[in-house]
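Student: I am new to this structure and would like a close look at one part of it. Could you walk me through the empty space inside?

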Amino acid sequence: MLTPQDIQNLENHQRAWSRRTFLGKSAQAIGTLALGSIMNPSLLGQAGTWRGVLDAPHYYPKAKRVVHLCMAGGPSHVDLFDPKPVLNRLHGQPFPESFTKGEQLAQLQGSELLARGAKVGFRRCGISGQMISDLLPHTQTIADDICIVRSMHTEQINHDPAHAFMNAGSINKGRPSMGSWLLYGLGSEAENLPGYVVLVSEGGGGAQPISARQWSAGFLPSKFQGVQFQSRGAPVHYVGNPEGVCQSTQRQVIDEVARLNGLQQERSLDPEIETRVSQYELAFKMQTSVPELADISDEPQSMLDLYGVKEAGDGSFAANCLLARRLLERGSRFVQLYHRGWDHHSKLDTNIQVASKLVDQASAALVKDLKQRGMLEDTLVIWGGEFGRTPMGQGTGRDHHINAFSVWMAGGGIRPGMTWGSTDDLGYRYLNDGQEMHVHDLHATMLACFGIDHKKLTYRYQGRDFRLTDVHGHVARGILA
Amino acid sequence: MEFVGRLHPLVVHVPIGVLFLLVGAEVAGAWREKLKLSDGARLVVVSMAVAGAIVAVGCGWLRGENGSYDETLLDRHRILGFVTLGFTVLLLLLRRRKRVYKFALGLTVVALTLTGHNGGSLTHGRDYLTAPLAAWLGGESDDAGPQALAEVMVFEHVIQPSLHAKCVSCHGETKSEGDLRLDSFAAIMAGGATGPAIVVGDPTESLLLQRLYLPMGDKKHMPPAGRPQPTESEVALWEWWISRGAAEAGRLVELIPDPEILAAVAAQLGLPLPPEPDREEMLAAAREIESELGVGVRALAVERPWLTVNARLAGEAFGDEQLKRLGPIAGAIHRLDLGGTSVTDVGLVALAEMTELRQLRVDQTAVSDAGLGRLVGLTRLESLNLHSTAITDAGVASLGELPKLRRLYVWQTAVTQEATQALAAALENRRRLTRYQSELRVLEDRITAETFQTDFGYEAPIVIDDEKPKDEDG
């Protein structure tokens, strides 16, 4: 029997389901279906932390974390890792038109193209005999630990889209960056610190801005996005409690907020609420973990000297490298260090020296330090820019170049002491010799180090399965140890 | 001429066919009058049998001259061949004398059958026909073979049988092409006309495998195109056996085979693999341990139970007691990170159960030389991290018992360069030892096989000194 009260309730309910509400709820429901895997409680570890969508890696893994030393601006490959004697001989003469005819150029479009050789010499280094410029004397000392890839190429000729391409394999907004993909796939071991941390430094001229969209989680739940730490001063501001609030009070507040959020989540099943709950929890833990992380008083002076750190939290690349190692030790999955200072359109000769000096020692120190701690076995180090620079001069500098650039990788299952791929005699274009490395290939290879089949780590969004390499990518098996 | 000789297996079937046609026709004739052969027809058929037999015998003689066959079998085959030929000629002569003719026809068929069987034995090996029959009749043979992987002898149970199945029909007792026999260990080591079949320790330099690596189209590819080829896992096992010293004696387990090798052997012999921890069980236990101890436990493979355990996350709170609690998943742990925890030498006893351990980190702990002694059983350990501990050279020296150890981290310890170099040398020596031991055995065998014979006839015995066995490549 329906009482009048029941009928009243029913009418209220019907009214509540207005067209707008219905559409809103339906959209959420569809989103919820897609997120079934995300909400699956079996994927959550203790204390509800995310364990990754993969029950286990597809192959036996080598790497378990990455540190990406991003040389923002685009370091010149012909000056650092890819010696070109023919280019040096052509220095100052017109660049052969056969190379550049019909090619896309950035700022050099329409101007006269002159070849520009490398000013600083190269040296065979280590037992492997890899060629590395004298601009990078410290990197020369780790030649036997790194794999230099000379056949990198990308599709984007301007900084922001090129960074997006390097991070997400696409310039379209809403595509997750590689760090987010890794967190989505494998989770993070760090329970008290973010799994994906970004640090930025600058110096060397031509500091282009870096947008936070580079470490965006895109269509993945936003808890997988990178967290930028301040490289100057305290990594995270205001982590201390305000006057009069003790840690237990704080705990009560967090718990209560989590309870209220839980109530809302029962009604709407919005994954962003879950993100919010976990962010509150993480922030609470970071109140103690971040000061401990940033306190480098337990590092001996010899360690600071190795990296070339003058002062903790001075915003330098060296300090960031040291912090990166401390993050990796504490279980962070993906640490990305941007050094803004490689966009050398002019005054290349002096600027490249400055930039090299700022990053060379710390980059090499990071590899050495990871190695002596036994962490290089399962830490993948990637060093390189979003693109390279033209072998043609642009006044006193070089322009952006996408047809060839060099990166180096170390550890985490990468074969050390080898050079992979090559470019033509002038360093203009990668050679199709079976060792070419598109950005998609780099992504596929990186995932392979983690034991992930890049074709199988997917996320359903807008009706199709997306992946980091989209419909591309070949694993460069030749550089896997 | 060799070409003509090789036609023998083809043309030999002409007289066989004709003779059986003749038998069939004669039997039918005895049964029904109207099926009886006319004298003319009989003449034609018998003449064809004679002509065919002559050609077959001729080709067969040439084949025997050029092939490398077991002498006694070959002689018998030749005699029988001539006997059969003789009988067919006899048939031709006696075709009008019915009684004798029928008797001769019967004898011809018997001779033909014997010759044919003999020929088959020559090409396919003596027990080609009888082996499956014997197996079928006798049920299980006396030599039941190994019942468990622990009993498997590498050469006897794994290598020898697959060589027998794929190679010995042409490189065996009855037929040894290229003077190569692969039916016994000594014969394999002795090699053939083009040199030794195997270079101990080096699969790629071993002729046996080089011929196998050649593309199918190459005429030097072995086994010849059209013959059954060894499977991939058989080749992998041969490679592994050669690289591990190609010893005649020696148990499988002594060589600490990789899991793939173990699986291949198990598949070939139809033996069960050593029981692997159950994945679901391990993961369930891992979940419990995780929440209990605050460590991170992750699966390393989709279908196997292997786990990686990160206790570093728990820090000082993780000690010897907690390490013991890993017991339920001990058999599945491949990587264990105890860095920065409060485990001590005493607690490392728990590692004895972790026989699958590949990577162990005990850096920044109280572990000292005494604790390293407890790692002896970790035969699969590849990477050991000891940085910032109190270990010394003495501890490092005790690691020489870890046959798979490849990486050792001793930063910020009292360990000296000399000690690690000595360890590296010890490990390398250990690896070489098995190889050299088996090489030594081979050489000893050669010495016995190739010792000189002295004639003590009329003159004083010849004193031989400084004689050495022939060179490897002899």
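By class, how many nonpolar, polar and charged residues does the lining of the largest cavity have?

Tutor: Happy to help! This is a predicted model, where local features need pLDDT of at least 70, side-chain atom pairs count only at pLDDT 80 or more, and totals for chains, interfaces and linings use all residues. Residues are numbered from 1 along each chain as written, chains are lettered from A and ligands numbered from 1 in written order, and side-chain values use heavy atoms without hydrogens or water.

The lining of the largest cavity has 3 nonpolar, 2 polar and 7 charged residues (Ala, Val, Leu, Ile, Met, Phe, Trp, Tyr, Cys and Pro are nonpolar, Asp, Glu, Lys and Arg charged, the others, Gly among them, polar). A cavity is a set of points on a 1 Å grid over the protein atoms alone where a 1.4 Å probe fits but cannot get out, and lining residues have an atom within 4 Å of a point.

The largest cavity holds about 90 Å³ of space, the volume being that filled by probe spheres on the joined grid points. Among its lining residues are A:Lys64, A:Arg65, A:Glu189 and A:Met375 from chain A, with B:Asn310, B:Asp337 and B:Arg361 from chain B. B:Arg361 also forms a salt bridge with A:Asp378, their closest N and O atoms 3.0 Å apart (a Lys or Arg side-chain nitrogen within 4 Å of an Asp or Glu carboxyl oxygen). Between chain A and chain B the count is 4 salt bridges.

For contrast, the second largest cavity has about 40 Å³ of space, and its lining divides into 5 nonpolar, 5 polar and no charged residues. A:His77, A:Phe81 and A:Phe405 are among the residues there.

Definitions and conventions
1 Å grid on protein atoms, 1.4 Å probe; cavity = no way out; pocket = protein on both sides within 12 Å on 5 of 7 lines; lining within 4 Å.
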